[in-house]
Amino acid sequence: YRLVPSKTYWVNLLPTYGFGSFEEYEHYIKAYIEIVKPTMLTYDHYPMVGNDPDIHVNSWYSPDKEGDYFPNLEIVRRLTLEKNIEFGLIVSVGTFMGIRGCSEGELRWQAFTSLAYGAKSLGWFTYLTEASYGHCTNWEDMVINRDGTRTRHYSMLKYLNGEVLAWGPTLLRLKSTGVYHTEPLP
């Protein structure tokens, strides 16, 4: 930022599952906002874990484990509203490590829960299928294959992104005033 102050920069923060407690995470987000003074805050959260429901529920990535997906959204929502800055969320698309490739319904669920909490940007991890990344080599079913062909996710996200973009002018003007859940509560 110091070298090119007129340009927008992108820093993507960790989610709650990168910390020992929600309190630690909240401190991390508050410190980032106080020190960096961003106009937008973004973070990753990959809630679609494994094909086996027992693995999913017990995974450290899972929104069901300690119920961290919605609390993560709420912490970021509340702290960014307090400082009058926007937030965005990067969610999962394909298979990597213990994360499964998403169905169309799961892509929509991730998009619309983010928007319901007031997210102003939405990103998909990841567009290109990586050959390897550190110790992780099982990258599959992203949006574009290694050979440049489109996966099943291409048309799903083309349509979904089109819907979100159509609503964009309205959504960008709105300010989140509350989030409500039906039973069972997350």
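Contact here means heavy atoms within 4.5 Å. The structure is a predicted model, in which local features need pLDDT of at least 70 and side-chain atom pairs count only at pLDDT 80 or more, while totals for chains, interfaces and linings use all residues. Residues are numbered from 1 along each chain as its sequence is written, and side-chain values use heavy atoms, with hydrogens and water left out.

**The core around Trp124**

Leaving aside its neighbours within four places in sequence, Trp124 is in contact with Ile90, Val91, Ser92, Val93, Leu107, Gln110, Ala111, Leu157, Leu160 and Asn161. Trp124 is also among the residues with the most contacts inside the largest nonpolar core, together with Leu41, Tyr43, Leu73 and Leu107, and that core has 32 residues. A nonpolar core is a set of buried Ala, Val, Leu, Ile, Met, Phe, Trp, Tyr and Cys residues joined through side-chain atoms within 4.5 Å; buried means under 20% relative accessible area, exposed over 50%, and partly exposed in between, with a 1.4 Å probe and protein chains only. Two or more residues of this core come from each of H1, S2, H3, strand S3 (86-92), helix H4 (104-116) and helix H5 (152-173), and H3 gives the most, with 6 residues. Helices (H or I, at least four residues) and strands (E, at least two) are DSSP runs, numbered from the N terminus. Apart from this core lies another, of 7 residues, among them Tyr17, Tyr46, Ile99 and Trp139.

**Helix H1 and its two sides**

Helix H1 (residues 22-36) has 15 residues and reaches 21 Å from its first C-alpha to its last, close to the 21 Å expected at 1.5 Å a residue, where the expected span is 1.5 Å times one less than the number of residues. The buried residues of H1 are Tyr25, Glu26, Ile29, Tyr32 and Ile33. They cover an arc of only 125° around the axis, which puts them on the same side of H1; the arc is that of the directions from the helix axis to the C-beta atoms. An α-helix has 3.6 residues a turn, so residues three or four places apart point the same way. Strand S1 (12-13), strand S2 (40-44) and helix H3 (69-82) are included in what covers the buried residues of H1, whereas on the other side Glu23, His27, Glu34 and Ile35 are exposed.

**The parallel strands**

S1 and S2 pair in the parallel sense over 2 bridges, pairing being counted if DSSP finds at least two bridges between two strands, and Leu13 stands opposite Tyr43 in S2. The chain crosses from S1 through H1 to S2 in a right-handed β-α-β crossover, that is, with the strands pointing away from the viewer, the path from the first strand over the helix to the second runs clockwise. S2 also runs parallel to S3, to which 5 bridges join it, and Leu41 has Phe87 as its bridge partner in S3. Of the 5 residues of S2, 4 are buried.

**Backbone exceptions**

Most residues other than glycine have a negative phi, and most peptide bonds are trans. The residues below have a positive phi.

| Residue | Phi | Place |
|---|---|---|
| Lys37 | about 55° | just after H1 |
| Asn84 | about 55° | loop between H3 and S3 |
| Asp141 | near 60° | loop between S4 and H5 |

Asn84 is exposed, with a relative accessible area of 63%. The peptide bond from Phe125 to Thr126 is cis, with omega near 5°, and Thr126 has its place in the loop between strand S4 (121-125) and H5.
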